[in-house]
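Visitor: Could you walk me through this one, a question at a time?
Guide: Happy to. Here it is.

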Amino acid sequence: MTRTPEVPLLEVVDLSKSYGAVVASDNLSFAVRPGEIHALIGPNGAGKTTAIGQISGEIRPSAGRVRFQGRDITRLPTHKRAQLGLKRSYQITSLFPEFTAEDNVALAVQAQQGHSFRFWTRARRDAALRAPATQVLERIGLADKAKLKVTELAHGEQRQLELAMALASEPSLLLLDEPMAGMGQSESRAMMDLLRPLKGQIGILLVEHDMDVVFALADRVSVLVKGALLMTGTPQQVRDDPEVRRAYLGDED
Amino acid sequence: MEGRLTRRAVVHGLALIILVVLPPLADAAGEPFLTTVASRILIYAIAAVSLDVILGYGGMVSFGHAAFFGIGAYTVGILMHHAFDGTVIPFLPWDWTGSVSAFVQFPLAILVSGLFALVIGALSLRTQGVYFIMITLAFAQMLYYFMISLPTYGGEDGLNLWERSSLPPLDLYDEWQFYYLTLVLLLLFLALMQRLVNSRFGMVIRGCKQNEARMKALGFATYRYKLAAFTIAGMGAGLAGALAANHTEFVGPDMMHWTRSGEIMIMVILGGMGTLYGPVLGAATLLLMEEVLQQITEHWMVVLGPFLVFVVLFARRGVYGWLVGKATDDD
Ligand SMILES: Nc1ncnc2c1ncn2[C@@H]1O[C@H](COP(=O)(O)OP(=O)(O)O)[C@@H](O)[C@H]1O
Ligand SMILES: [Mg+2]
């Protein structure tokens, strides 16, 4: 990456979103630099998922702007943002339940290969789709489950597949909404090992509850409370901040 | 697949054999009209298979599919009408007195119903769920009332065709030849759709059915793919309509009535949604039940209703699933 750190990969400016009386995003501004893992933390209901949704384009903000690679994408529909390389995973597993694990990943690969107005060749026998899909499944440790339907996978495996799809879709910015939610210790550790090498390669906005994970992975951390940004800083700065401790870390244990 | 004698292969093989030997068998049994009944079943099977592509695979609950069936039929009917009268088709910007040739009529029927599907789909697919069901229904009913109010083409009474399409060297008046033509077209259509649902395009519309939000998040412009599928399905129904016009030598607004759309949908559900071949069985089941029950009671719908509920509740993949088990047509 030759991009200077001054040009952020993603820039969120004064993002606001209300649901009736609930302010889910309150003048939210932060930036993700190229190649960094930027953690987004905050108590339940702080507005993390809503923020991700507005960045991915699935939720329309009431006000504010979203810029990606210097380009204003506030009005761009989701699929166009995805085509620019902005990909997400979901807190609540969001897969294709009638398909196999391999089908799911292959579909993510297919999305990267131009238009799909191809009516004749059998997609399931298309090596251009299946080979990369198999590779990602191997990387994520799901190779032996490739032919199983999503509904036959254990919860942890579905979470892994959720990430596999995001990875297979060649993101330049990855929005990960609690990727380790509901995972066991060893599964979480495996996923951390998957994410760590991405540092410096792509930008990651990581919503995560587990503070050990955040402090182990993140380059910078933004803290959300009631839709508003409390602070952005290094893990160390965030950990030492009295206000953060009071608002968030304090009620962790 | 690879030549193994699976339950599915047996069912498909038997079905094909029955379909191929049906006309001589019917004649031998002294019931030649069965060939005519079977032709009707095959025609509706084409319509039902086309609906299954968008309903069973694409998750688009279109309740107006008969509109495209009717447009296909009217295209043939109108071309035939003017060719016979020697009059000029009034709504065209150039002078054309229609045609009796199937080589002109059938491709045009497919094209025109495809165009209507493109326009109706473009508007309907902006909505979701119940709204989509209602708006497709509304468009079909609009076309139904439009044809009723058009005296040029018979209005409510429809148009009697003076002849069947000419398709040399075939003679469509010959019930056998008509039957085999319909069978070949159905098999061709099935083969094409089998390729389609397993292609990249097919995976996209199947993905849209299961989780459209995720498809968008992956970068698919889902609307375009659904619209293309909707248009292709409309073209299939148009072909069925063109055949139906020839079969009954009549076209009328009832071909587009919402009850007709309902029937086609019932065929898909009965036969097995998302099984491609199931709707052929569904068409056979429904139309045969209709034939038989109609002779027993005029309230045959009362028998059909519970049967349908039974199928929906206990055989999720319909008659087809019940026959072939878990097997799918996935590659
Ligand atoms: N679709 C919605 N309708 C109404 N309220 C919502 C909706 N989505 C989120 N909220 C509210 O917005 C706030 C932020 O939610 P969310 O972004 O899911 O928080 P987090 O992901 O940080 O737990 C919560 O109070 C939640 O109840
Ligand atoms: Mg959340």
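**Charges, rings and a metal**

Guide: Let's start with a charge over a ring: the charged end of Arg164(B) is placed over the ring of Phe178(B), 4.9 Å from its centre. Keep in mind that this is a predicted model.

Visitor: Which ring does the charged end of Arg239(A) sit over, and how far from its centre?
Guide: This one is in chain A, and the ring belongs to Phe215(A). The charged end of Arg239(A) sits over that ring, and its distance from the ring centre is 4.2 Å.

Visitor: Are the rings of Phe220(B) and Tyr225(B) stacked or edge-to-face?
Guide: Over all chains there are 15 aromatic pairs. In the pair of Phe220(B) and Tyr225(B), the ring centres lie 6.4 Å apart and the planes meet at 80°. Planes over 60 degrees apart count as edge-to-face, so this pair is edge-to-face.

Visitor: Which cluster do ring pairs make with Phe220(B) and Tyr225(B)?
Guide: Phe220(B) and Tyr225(B) are both buried. Ring pairs link them with residues from chain A as well as chain B, and the cluster is Phe117(A), Phe119(A), Phe201(B), Phe220(B) and Tyr225(B).

Visitor: Which protein donors does the magnesium ion (ligand 2) have?
Guide: They lie 2.0 to 2.2 Å from the ion, one through OG1 and the other through OE1. The pair links distant parts of the chain, 42 residues apart: helix α1 (residues 48-56) of chain A and the loop between β6 (86-89) and α3 (101-110) of chain A. In that order, the donors are Thr49(A) and Gln91(A).

Visitor: Why does Gln91(A) count as partly exposed?
Guide: Buried means under 20% relative accessible area and exposed means over 50%. Thr49(A), at 34%, counts as partly exposed. Gln91(A) counts as partly exposed too, because its relative accessibility is 29%.

Visitor: Which residue of chain B forms a salt bridge with Glu98(A)?
Guide: The closest N and O atoms are 3.4 Å apart. This pair crosses between chains, from the loop between β6 and α3 of chain A to helix α7 (residues 200-218) of chain B. Glu98(A) is partly exposed at 44% relative accessibility, and its partner is partly exposed at 35%. That partner is Lys209(B).

Visitor: How many residues apart in sequence are the parts that Arg124(A) and Asp103(A) tie together?
Guide: The two form a salt bridge, with the closest N and O atoms 2.8 Å apart. Arg124(A) lies in the loop between α3 and α4 (127-140) of chain A and Asp103(A) in helix α3 of chain A, so the salt bridge ties together parts whose separation is 21 residues. Both side chains belong to residues that are buried.

Visitor: Which network do salt bridges that share partners form around Asp103(A)?
Guide: Asp103(A) also meets Arg130(A) in a salt bridge, at 3.0 Å from N to O. That one links helix α3 to helix α4 of chain A, 27 residues apart, and both Asp103(A) and Arg130(A) are buried. The network is Glu102(A), Asp103(A), Arg124(A), Arg130(A) and Lys147(A).

Visitor: Which helix gives the most to the nonpolar patch?
Guide: The patch covers about 900 Å² of surface, and its residues include Leu5(B), Val21(B) and Leu187(B). Val21(B) is partly exposed at 32% relative accessibility, and its place is in helix α1 of chain B. With eight residues, the top contributor is helix α1 (residues 7-28) of chain B.

Definitions and conventions. Residues numbered from 1 in each chain as written. Chains lettered and ligands numbered in written order. Predicted model: local features only at pLDDT ≥ 70, side-chain atom pairs only at ≥ 80, totals over all residues. Heavy atoms only, no water. Patch = residues over 30% accessible without salt bridge, like charges linked within 9 Å, V, L, I, M, F, W, Y side chains within 5 Å. Areas by Shrake-Rupley, 256 points an atom, 1.4 Å probe, with all protein chains shown as cover. Salt bridge = Lys/Arg side-chain N within 4 Å of Asp/Glu carboxyl O. Helix = DSSP H or I, 4+ residues; strand = E, 2+ residues; numbered from the N terminus. Buried < 20%, exposed > 50% of the residue type's maximum accessible area, 1.4 Å probe, protein only. Donors = N, O, S within 2.8 Å, 3.2 Å for Na, K, Ca; no water. Phe/Tyr/Trp six-rings, centres within 6.5 Å; stacked < 30°, edge-to-face > 60°. Lys NZ or Arg CZ within 6 Å of the ring centre and 35° of its normal.
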